[in-house]
Protein chains: 4
Amino acid sequence: MSPDTSPEAAREVSPRPVETLTARGLRTRAALLDAARVVFAGSGFAESRIADISRVAGVAHGTFYTYFSSKEEVLHAVMSELQREMASERPAHTAPPSPAQGIEAAHRHYLRMYRTNAALLATLEQVATLSEDLRTMRREHRRFFVDRTARAIQRWQDAGLADPGLDPTYTASALGNMVDRFAYVWFVIGEEFDEDKAVETLTRLWVQALGLDHEHPPSPHRRPRLPGRSTSTS
Amino acid sequence: MSPDTSPEAAREVSPRPVETLTARGLRTRAALLDAARVVFAGSGFAESRIADISRVAGVAHGTFYTYFSSKEEVLHAVMSELQREMASERPAHTAPPSPAQGIEAAHRHYLRMYRTNAALLATLEQVATLSEDLRTMRREHRRFFVDRTARAIQRWQDAGLADPGLDPTYTASALGNMVDRFAYVWFVIGEEFDEDKAVETLTRLWVQALGLDHEHPPSPHRRPRLPGRSTSTS
Amino acid sequence: MSPDTSPEAAREVSPRPVETLTARGLRTRAALLDAARVVFAGSGFAESRIADISRVAGVAHGTFYTYFSSKEEVLHAVMSELQREMASERPAHTAPPSPAQGIEAAHRHYLRMYRTNAALLATLEQVATLSEDLRTMRREHRRFFVDRTARAIQRWQDAGLADPGLDPTYTASALGNMVDRFAYVWFVIGEEFDEDKAVETLTRLWVQALGLDHEHPPSPHRRPRLPGRSTSTS
Amino acid sequence: MSPDTSPEAAREVSPRPVETLTARGLRTRAALLDAARVVFAGSGFAESRIADISRVAGVAHGTFYTYFSSKEEVLHAVMSELQREMASERPAHTAPPSPAQGIEAAHRHYLRMYRTNAALLATLEQVATLSEDLRTMRREHRRFFVDRTARAIQRWQDAGLADPGLDPTYTASALGNMVDRFAYVWFVIGEEFDEDKAVETLTRLWVQALGLDHEHPPSPHRRPRLPGRSTSTS
DNA sequence: TATGAATGAGCTTTCATTCAT
DNA sequence: TATGAATGAAAGCTCATTCAT
């Protein structure tokens, strides 16, 4: 094993790295992580107590510190896990018949996923600005989704299906925000909406905003990227 | 649950109603309110201390309680004030030549306003779910903007300028979120954008999503698809 | 009053500066300082609890932090006070008839003073190396006594009373240590001694070591500073 | 009072007597003892953690308790070892030509030895008063050195080399302290000295204090003043 | 009204020690 | 013997709120 026996190493970070944990340790850590998720979702970050997390996990108060060195650290771990889950869930495995139908399916899936995790996502919203660390995590998570959408928009533009005058990244960011925020207002702030109507409206807005509802023949003289309105108004 | 997170607590009347204050009292109260705004913007809600607010206001610690009965109460007062300011600011003084230009001006104005108040708006985001009281305040504030936009959409639809198949309220909510969230991601989360390009993209997305870029002859057989207002009002 | 109302100043050190305290505050601070002295003397530093100090002072636990920000800080204050007392106590106001008699009086006084404060001085010993801060305080306090003794030695040398071959500073340091340490071994470690005999021995050792028991005529050819033994051995 | 500061606790037998250990066990115990020495020297007693000692020794945290029943117990073991080493080191192999030269050699050796072990000796100073047990150990260790010096003084007195008016024990204690404390102030408190000058000054002070620099004819009428040994033994 | 000292519940964190494997 | 996870008593410290002046 040959650990670091130098006196300088005497002061080390308390929580043992995850890779060095025994099976029992991994089980306890998982229990704490699950408990933290439940507690954060139920009380928000500020009102959550380490004592609550330990109690829900069924371990002694001190055991918490065997695995995490602070409330911030579990929070980080919980949120990483949540975002990993959100990123890995894939709504459809078969290619949708049309962009519009794919968008509709994605919207429905996103809204349902949001509703399921609403309490925890509300907490994520609360803490997004608490530390630079979390802000960075948030930015990177967003970028994952934005990039995915931006690539789709690019593909549609290349295929002559979407308005080529839109910047894919700005557009993906804006339209993504629209759906994400709609879900937040609905499930967290408590505005009331009807699912079918919400999906329908959001989809129609995307389709029309992207110009997916009519063709965009690749005209040889490149049209100005922005803000070129339709020719009829000029 | 801690004693003062219940919605009733925040609704409690101030130690002394504002109307009964002397001129000196009003001045002190205003100083505290300003100080709270600065401190909340600088530290967020959880990290702000009554002691900080008092010190910044230049009054003794105990004086705070002459005007507010709790931290929640100042928060409420600060946020009310902010939302009142945001609602009263009017961007354009002359009627815009076209909906698209009006939208563009509104977007630019909103983004600039957001940038100015970013820190406080970030705090508002943090606390939105802290109490039912704040959640309600948030809902009502949103409704003010959404209704204003919904009325505009309705007008454009009635004038044959906008897609009549869109529900004005759902649409106003979704498009409003898009801009609000874009500003948040930019000024709070720290994504980087260019103002002109942002305004252009957001405007183009609104215009195309609403179908403001082509005509919508009032064909009676298409109107009923979505629960828009009854045709008799136009 | 015009305090610092800038937001940057919001985060300030907790304990209000002593000069700004009211009479009541000064009283409480003094009570805490006295209590700390008692508790440190009784339990040593490591075993003393803030709770003990507060209880002995008759104030609430939190009140401690109104005046000191940590156990280290009171310790520092207590030790400063002790050293100030030790430095200001003057044994004799009349010039002693001879150096030897002055030394004897000083020794007796030092031993009695040590016995009185033995418990607290034992604590001082314990903590001397706890922080650079305390180590510095210790060094400076020592220097005060060493310098005083060194000046006396210098005077005696100039008057032809003491061995001119001794470096006043090294000598003062060494002889001072001898007495200080004798007291420590006696009153703290628990070795048993008789006061008269102790004073007599220490004084005789000083007198002979310094050569105060015979004359040192200022020979025109400066004798080698060190280690020149008596001429009889060469 | 806390459970383990009583003298009995430190006297408790180790979980398993050293004699019954296997070769492997002896090796582990030695590793822990060495580690404790390093950690105590580096962090002092209060700031040293069993976890640190175990880590530096390269064994699991729990293994510590196979060999020692508490932190106090290792401390005791470490300090015993240190004092055994200090007592067994013999500076000179050949008889010194004169008392003065012997004293000088002893002083130089002592100062160097102190410098080498300064950190651990500083810790010893810190803990000297922590328990009656340690205070006793300290007293006995001191007595060993004091007795050795006292015997030398006695011999010099009997040979007519040293002032017969000095009590050998008091004198040995006082002069021993002088050197020991000088080293402490130098290597622990951080006062700055030059080795040659220090050795010279300390030696000169001893020599003159003891009167080794001139003869002391055994005049029978002066001898009885202090309780030196009875003249019949010489 | 204003002041600033006092309060103490509440939470976090540490770490010596135990114990199942 | 060795391991490393679990325990929980003990402190430390914070800060919203109260209160005497």
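## Contacts to strand E

In this predicted model, a polar side-chain atom of B:Thr28 sits 3.0 Å from a phosphate oxygen of DNA strand E. C:Arg16 also puts a polar side-chain atom 3.0 Å from a phosphate oxygen of that strand. C:Gly62 goes for a base instead: a polar backbone atom of C:Gly62 is 3.3 Å from a base nitrogen of DNA strand E. Polar contacts here are pairs of N or O atoms within 3.5 Å; within protein, one must be able to donate a hydrogen and the other to accept it, and residues adjacent in sequence count only if both atoms are side-chain atoms. Helix H2 (23-43) of chain B, along with H1 and H3 of chain C, are the elements that give two or more residues to the surface near DNA strand E. H3(C) has the largest share, 3 residues. Helices are DSSP runs of H or I with at least four residues, strands are runs of E with at least two, and both are numbered from the N terminus.

Altogether, 32 residues surround DNA strand E, and the closest are A:Tyr65, B:Tyr67, C:Thr28, C:Tyr67 and D:Arg49. Of the strand's atoms that come within 4 Å of the protein, 77% are sugar and phosphate. "Near" means that a heavy atom of the residue lies within 4 Å of the molecule or strand. By class, this surface has 12 nonpolar, 12 polar and 8 charged residues. Nonpolar covers Ala, Val, Leu, Ile, Met, Phe, Trp, Tyr, Cys and Pro; charged covers Asp, Glu, Lys and Arg; the others, Gly among them, are polar.

## Contacts to strand F

DNA strand F is surrounded by 31 residues, with A:Thr28, A:Tyr67, B:Arg49, C:Arg49 and D:Tyr67 the closest. Sugar or phosphate makes up 79% of the strand F atoms within 4 Å of the protein, and bases make up the rest. The class split is 11 nonpolar, 12 polar and 8 charged residues.

Chain B reaches the phosphates through B:Arg49, with a polar side-chain atom 2.5 Å from a phosphate oxygen of DNA strand F. B:Ile50 uses its backbone, with an N or O atom 3.0 Å from a phosphate oxygen. Over on chain D, a side-chain N or O atom of D:Thr28 is 3.1 Å from a phosphate oxygen of the strand.

## Two copies, A and B

Chain B superposes on chain A with a rotation of 180° and 0.0 Å of shift along the axis, at an RMSD of 0.2 Å. The two copies are thus related as by a two-fold rotation axis. They use the same surface, as 87% of the contact residues of chain B recur in chain A. The fit is least squares on C-alpha atoms of residues with pLDDT of at least 70 in both copies, and contact means heavy atoms within 4.5 Å.

## A helix crossing in chain D

The axes of H2(D) and H7(D) (residues 118-127) come within 8 Å and cross at roughly 75°. Axes are lines fitted to C-alpha atoms, for helices over the stretch in contact, and angles run from 0 to 180 degrees between N-to-C directions. These two helices are therefore roughly perpendicular to each other, a label for angles of 65 to 115 degrees. D:Arg37, D:Phe40 and D:Ala41 of H2(D) meet D:Ala119, D:Leu120 and D:Thr123 of H7(D).

## Ground rules

Residues are numbered from 1 along each chain as its sequence is written, while chains are lettered from A and ligands numbered from 1 in the order written. Local features need pLDDT of at least 70, side-chain atom pairs count only at pLDDT 80 or more, totals for chains, interfaces and linings use all residues, and side-chain values use heavy atoms, leaving out hydrogens and water.

How values were computed
Parallel < 35°, antiparallel > 145°, perpendicular 65-115°, else oblique.
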